[in-house]
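Morning, everyone. Please pull up the model on your screens, and I'll walk you through a few places in it.

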Amino acid sequence: MKDVLAVVLAGGKGSRLEPLTRDRAKPAVPFGGSYRIIDFTLSNCLNSGVRKILVLTQYKAMSLDRHVTLGWRNFLCRELGEFIDVVPPQQRIDEKWYQGTADAVYQNIYALEKERPQHVLILAGDHIYKMDYGRMLAAHAANNADLTIAALRVDRKTAAGQFGVMQVDENDRVIGFEEKPADPKPIPGDPDHCQASMGIYVFNTPLLFDELCKDATLPESAHDFGKNIIPSIIDSKRVFTFPFKDENRKADAYWRDVGTIDSYFQANLELIDVEPHLNLYDDHWPVRTYHPNLPPAKFVFGSEGAEARRGEAIDSIVCPGAIISGGHVNRCVVGPGARVNSYAQVEESILFAGVNIGRHAKVRRTIIDKEVSIPEGARIGYDHEEDRRNGFTISEEGIVVIAKGEGMLEDG
């Protein structure tokens with residue numbers, strides 16, 4: 001893998017995840033209690049043996065930069081040619097923000113040239129999945145391909161307007177590509193499904209550089225891999241798909257784009273199932289992250305007068321440093337250092353790091369951002385009109401989201 005350079009695109013606004021992305025980039029949004037979304041892509045790189053990584057940032061990148069610095073750079077040794085570098089927009093080529101995925105790579109072409117890779121692996125930093133990129137690189141070499149695109153079998157209704165869709169021949173060579181079509185073309189013999197692009201590409205470096213420089217001169221281009229680069233080379237270059245092979249070791253392949261509040265909430269709550277689809281406890285394909293120095297989680301039992309209080313968490317993930325101090329937690333993800341105080345009830349909710357739930361408060365179907373304090377006796381998720389009056393965001397499926405700085409309610 002020494003001749004492979006991974007480029008992780010981590011600069012998107014993530015506007016559909018607001019207010020969770022109000023102060024952070026989408027790849028930096030916490031997931032599963034202890035992790036950030038980008039940890040899955042970076043873990044795939046390390047587990048695949050890819051050890052030269054550039055993370056291209058743009059919007060609200062401070063927390064993402066901090067997370068990668070604290071949690072990831074110690075894994076790799078620069079003296080051995082290994083690194084994870086966070087690269088902010090430098091405007092070396094253009095004074096504009098990145099105009100598209102291809103433009104983001106083009107504006108950092110000097111950083112790529114410096115490493116002299118044979119292949120460039122382009123990845124998105126905002127998806128949840130486990131994948132061995134080494135297998136894809138091996139297939140790329142076996143096919144003598146110029147470009148290989150990771151492909152996911154997706155229901156056509158789900159794919160409509162959401163994914164780039166490919167048509168392939170019997171040898172998995174791409175013969176057609178449409179970016180987010182309203183009516184995706186089906187897989188031959190399977191009218192209900194289509195071949196969707198995962199936004200994961202392996203390019204031969206000379207081809208990538210040539211196409212990026214060519215695309216940069218076209219004023220009408222959106223400077224996007226799916227819209228412009230890929231369709232322009234299908235007829236003239238050897239472009240193949242690589243069917244997604246899941247390292248999660250479950251019956252069905254796991255891949256999630258947690259791009260909306262509802263999809264994000266659902267993906268987190270799936271983790272607490274008895275047999276979760278995403279296995280975070282698998283030593284075969286570990287997911288790494290930054291672990292702050294925190295004590296173990298604590299559950300407090302006691303009594304106050306005649307009233308007993310018992311700290312308990314049922315069907316929940318509870319991270320280090322959390323204290324369930326006489327409160328009740330059911331089907332929740334409780335982040336590092338969070339606290340649920342006496343007689344509070346929290347159901348089907350996600351508490352980020354440092355959240356404090358006051359005594360006798362009731363919270364259900366709610367996402368609470370980092371360091372928010374919920375006062376004693378508050379009720380959240382029971383009356384959406386009241387939640388809106390308090391300035392909280394309500395998703396299409398009724399999930400309440402409390403952003404940083406929004407937790408200081410009046411008692412009661």
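Let me start with a definition. A helix here is a DSSP run of type H or I with at least four residues, and helices are numbered from the N terminus. Keep in mind that this is a predicted model.

Now go to helix 1, residues 38-48. How many of its 11 residues are buried? The count is 10. Buried means under 20% relative accessible area. So helix 1 is largely enclosed by the rest of the structure. The buried ones start with Ile 38, Asp 39, Phe 40, Thr 41 and Leu 42. Then come Ser 43, Asn 44, Cys 45, Leu 46 and Ser 48. Just after helix 1 sits Gly 49, with a positive phi of about 85 degrees.

Stay with phi for a moment. Most residues other than glycine have a negative phi, and most peptide bonds are trans. Gly 49 is a glycine. Two other residues have a positive phi without being glycine. One is Arg 249, at about 60 degrees. Arg 249 lies in the loop between strand 12 and strand 13. Is Arg 249 buried or exposed? Its relative accessibility is 55%, so it counts as exposed. The other is Glu 348, with a phi of about 45 degrees. Look for Glu 348 in the loop between strand 22 and strand 23. Its relative accessible area is 27%, so Glu 348 is partly exposed.

And the peptide bonds? Go to Glu 18 and Pro 19. A cis peptide bond joins them, with omega at about 10 degrees. Pro 19 belongs to the loop between strand 1 and strand 2.

Next, a pair of helices. Two packed helices are described by the angle between their axes and the distance between the axes. Take helix 7, residues 205-216, and helix 8, residues 225-233. They pack at about 115 degrees, and their axes are 11 Å apart. Their crossing is right-handed. Which residues make the contact? From helix 7 we have Leu 207, Leu 208, Glu 211, Leu 212 and Asp 215. From helix 8 we have Phe 225, Asn 228, Ile 229, Ser 232 and Ile 233. Sort the residues of this contact by type, and you get 6 nonpolar, 2 polar and 2 charged.

On to the rings. Two rings pair if their centres lie within 6.5 Å. The count comes to 8 aromatic pairs. Here is one: Phe 163 and Trp 255. Their ring centres are 5.7 Å apart and their planes are at 50 degrees, so this pair is tilted. Where do the two residues sit? Phe 163 is in the loop between helix 6 and strand 9, while Trp 255 is in strand 13. So the pair ties together parts that are 92 residues apart in sequence. Both Phe 163 and Trp 255 are buried.

Here is another pair: Tyr 201 and Phe 203. This one is edge-to-face, with 6.3 Å from centre to centre and 65 degrees between the planes. Tyr 201 is buried, at 8% relative accessible area. Phe 203 is buried too, at 0%.

Some rings join into a group. Phe 31, Tyr 35, Phe 40 and Tyr 264 are linked by ring pairs into a cluster. We met Phe 40 earlier, among the buried residues of helix 1. A ring can also have a charge over it. The charged end of Arg 379 sits over the ring of Tyr 382, 4.4 Å from the ring's centre.

Back to the cluster, because Leu 280 leads there. Leu 280 is in the loop between helix 9 and strand 14. It counts as buried, at 15% relative accessibility. What does Leu 280 touch, leaving aside neighbours within four places in sequence? Its contacts are Tyr 35, Phe 40, Leu 271 and Val 287. Tyr 35 and Phe 40 are both in that ring cluster. Leu 280 is also 8.8 Å from Asn 248, C-alpha to C-alpha, with their positions 32 residues apart in sequence.

Last stop: Glu 115, in helix 4. At 25% relative accessibility, Glu 115 counts as partly exposed. Beyond neighbours within four places in sequence, Glu 115 is in contact with Leu 5 and Phe 83. The C-alpha atoms of Glu 115 and Ile 234 are 27 Å apart, and the two residues are 119 residues apart along the chain.

That's my tour. Thanks for listening.

Terms used: Residues numbered from 1 in each chain as written. Predicted model: local features only at pLDDT ≥ 70, side-chain atom pairs only at ≥ 80, totals over all residues. Heavy atoms only, no water. Axes fitted to C-alpha atoms, helices over the stretch in contact; angles between N-to-C directions. Left-handed = near helix turned anticlockwise from the far one by under 90°. Contact = heavy atoms within 4.5 Å. Nonpolar A, V, L, I, M, F, W, Y, C, P; charged D, E, K, R; others polar. Phe/Tyr/Trp six-rings, centres within 6.5 Å; stacked < 30°, edge-to-face > 60°. Buried < 20%, exposed > 50% of the residue type's maximum accessible area, 1.4 Å probe, protein only. Lys NZ or Arg CZ within 6 Å of the ring centre and 35° of its normal.
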